[in-house]
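Colleague: Could you walk me through this model, ligand first and then the rest of the chain?

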Amino acid sequence: MSTIQKIKGTRDFFDLDAEKFRYIEQVCSNEIKKFGFKEMITPIFENTAVFNRLGEQSDIVTKEMYSFFDRSNRSITLRPEGTAPVVRAFIENKIYANSIDVNKYFYFGPIFRYERPQAGRYRQFHQFGVEAFGNSTAILDVDIILSAWTIIEKLNLQNIVLKINTIGDLSSRDKYQKALVEYFNKYTDKLCNDCKVRLEKNPMRILDCKVDVNQDFMKNAPKIKDYLSQESIDYFNEVLRGLDTFGIKYEIDENLVRGLDYYTDTVFEFIIKSDDELNNLAICAGGKYGNLVKDLNGPDIPGVGYAFGVERLIELMDRQNVWPSLKINPEIFIMALDEQSKIEAQRLALYLRKLGLKVEFDYKNISMKPQFRLSEKLNVEYILIIGENERKENLITVKDVANKTQVTIPISDLLNYLPYELINAKEGFCYDENAQ
Ligand code: AMP
């Protein structure tokens with residue numbers, strides 16, 4: 001394969017796809033700001049140590065990181081998830097010292113994982129994510145889930161299901177892990193190779209193994225709910241009650257444990273329900289992490305957050321056909337019929353652009369045919385024509401493409417012939433016809 005091609009598992013966004021990408025960014029950041037979140041922009045690479053703490057047994061850390069040594073022999077990693085860098089920045093910049101009870105941040109940007117590329121799975125993808133650091137309350141968890149749900153609604157997505165579980169606090173998890181080891185030890189000959197390793201290092205991860213998922217012994221494995229401390233049970237019930245209050249429908253999924261080791265108590269995913277290969281894919285995933293800030297040498301402050309996968313949102317919105325109209329074409333094309341009119345076209349284009357309109361003209365041709373052809377390709381709504389006659393008499397010809405009408409008018413009247421919604425400016429048109 002040629003090396004002058006994109007890297008496997010990456011994609012280019014251009015034209016309408018780039019517009020869709022930015023639309024999602026805009027909706028997510030607009031909505032989340034209403035929930036009191038501020039933006040955090042961190043580097044896309046970090047010292048590898050920042051990610052190693054995420055879980056020595058997690059697939060992301062052991063198999064999927066893009067790590068390399070820089071020219072000074074430092075181990076550097078392209079971020080494989082967004083939480084650890086935000087936590088690192090939260091600690092390093094001592095944001096926790098600002099005496100705000102809950103510090104809330106969002107981020108948007110590329111994430112890198114060496115995964116097997118397939119539908120909805122890339123090696124460079126993008127996440128919109130949020131992290132809230134501060135008091136550990138069920139009401140905060142609920143607010144976080146409400147913010148994700150608000151974004152899902154704003155994007156007009158259909159058939160999304162919230163799956164939720166609790167994996168308990170550390171003491172509940174300890175007891176549970178022991179029970180799992182005892183149970184799965186009876187089935188070691190049936191476990192896939194990855195699960196054999198998980199059994200030694202992180203038995204909870206066996207529960208979300210994609211290979212062993214349908215084996216009989218998985219169904220009868222011990223359930224976390226039988227090992228939860230009373231505190232964890234009360235906490236989880238309070239979260240569920242909060243969701244009920246706001247009419248957020250959920251399914252409790254006892255096998256939901258999440259891929260990273262840092263989660264405690266609430267974990268959740270929003271998944272797609274469909275009859276194609278996107279069925280059951282998560283568009284958003286998150287939960288509470290009681291210990292990550294402390295594990296990265298910060299203060300003992302819990303966090304809770306989630307991340308949406310942007311590529312999956314785009315794919316789903318395509319399939320569900322729920323995009324608003326996103327225009328990428330110019331609205332107006334200016335046609336010039338002689339060399340001097342070309343300058344005039346450029347000048348008029350600049351005026352209209354400053355008014356907020358998207359305007360294009362042909363840089364070279366002065367005959368009509370190629371200019372019409374270009375205006376057709378650009379699918380513009382209006383064509384303005386300037387020729388010698390128009391120029392001499394301060395006129396302009398306005399062609400309404402959809403209605404197939406054409407009028408020649410004084411150029412100072414131009415704005416009255418263009419629909420008002422096209423024009424952002426509230427004040428009048430100040431085209432200086434003497435400035436030629
Ligand atoms: P995670 O960080 O694994 O919890 O993932 C959060 C969200 O990112 C998921 O719900 C997906 O929407 C998205 N995501 C995760 N991995 C990939 C990937 N390899 N390609 C595209 N999107 C992904």
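Modeller: Sure, starting with the ligand: 15 residues surround it, where a residue counts as near if one of its heavy atoms lies within 4 Å. The closest are Arg113, Glu115, Tyr122, Arg258 and Ala282. Keep in mind that this is a predicted model, so local features need pLDDT of at least 70 and side-chain atom pairs pLDDT 80 or more, while totals for chains, interfaces and linings use all residues. Residues are numbered from 1 along each chain as its sequence is written, and side-chain values use heavy atoms, with hydrogens and water left out.

Colleague: Which strand gives the most to the shell around the ligand?

Modeller: Helices (H or I, at least four residues) and strands (E, at least two) are DSSP runs numbered from the N terminus. Strand E6 (124–133), strand E10 (282–289) and strand E11 (303–309) each supply at least two shell residues. The top contributor, with four residues, is E10.

Colleague: How do the shell residues divide into nonpolar, polar and charged?

Modeller: Ala, Val, Leu, Ile, Met, Phe, Trp, Tyr, Cys and Pro count as nonpolar, Asp, Glu, Lys and Arg as charged, and the others, Gly among them, as polar. On that scheme the shell has seven nonpolar, three polar and five charged residues.

Colleague: How much of the ligand does the protein bury?

Modeller: Look at the polar atoms beforehand: a ligand nitrogen is 2.6 Å from a side-chain N or O atom of glutamate 115, and another pair puts a ligand nitrogen 3.5 Å from a backbone N or O atom of glycine 120. A ligand oxygen also lies 3.3 Å from a polar backbone atom of glycine 309. Taken alone the ligand exposes 480 Å² (Shrake-Rupley method, 1.4 Å probe), and the share of that buried by the protein is 92%.

Colleague: Moving on, how many residues of helix H11 are buried?

Modeller: H11 covers residues 310–320 and is mostly covered. Its buried residues (under 20% relative accessible area; exposed is over 50%, partly exposed in between, with a 1.4 Å probe and protein chains only) include Val310, Leu313 and Met317. Asparagine 321, with a positive phi near 55°, follows the helix. Of the eleven residues in H11, the number buried is eight.

Colleague: Why does glutamate 311 count as buried?

Modeller: Glutamate 311 is found in helix H11, and its C-alpha is 8.4 Å from that of glutamine 127, 184 residues away in sequence. It counts as buried because its relative accessibility is 3%.

Colleague: How far apart are the centres of the two domains?

Modeller: The bounds come from an automatic or database domain assignment. Domain 1 takes in 16–169 + 229–320, and domain 2 is 332–422. Between their C-alpha centres the distance is 48 Å.

Colleague: In the strands E14, E15 and E16, what is the bridge partner of leucine 395?

Modeller: Two strands pair if DSSP finds at least two bridges between them. E14 (residues 382–386) joins E15 (residues 395–400) antiparallel through four bridges, with isoleucine 385 partnered by threonine 397. E15 also pairs antiparallel with E16 (residues 405–410), over six bridges. There, the partner of leucine 395 is proline 410.

Colleague: Which residue in the turn of the E15 and E16 hairpin has a positive phi?

Modeller: Four residues sit between the two strands of this hairpin. The turn residue with a positive phi, about 55°, is lysine 404.

Colleague: And serine 412, how far is it from leucine 395 in space?

Modeller: Serine 412 lies in the loop between E16 and helix H15 (414–417). Serine 412 is partly exposed because its relative accessible area is 47%. In sequence, serine 412 and leucine 395 are 17 residues apart, and C-alpha to C-alpha the spacing is 8.1 Å.

Colleague: Which residue's side chain makes a polar contact with aspartate 338?

Modeller: Aspartate 338 is in the loop between strand E12 (332–336) and helix H12 (339–354). Aspartate 338 counts as buried because its relative accessibility is 19%. A polar contact is a pair of N or O atoms within 3.5 Å; within protein, one must be able to donate a hydrogen and the other to accept it, and residues adjacent in sequence count only if both atoms are side-chain atoms. At 2.3 Å, the side-chain partner of aspartate 338 is serine 341.

Colleague: Last one: is serine 99 buried or exposed?

Modeller: Serine 99 is in the loop between helix H4 (83–92) and strand E5 (103–112), and its phi is positive, near 60°. With a relative accessibility of 69%, serine 99 counts as exposed.
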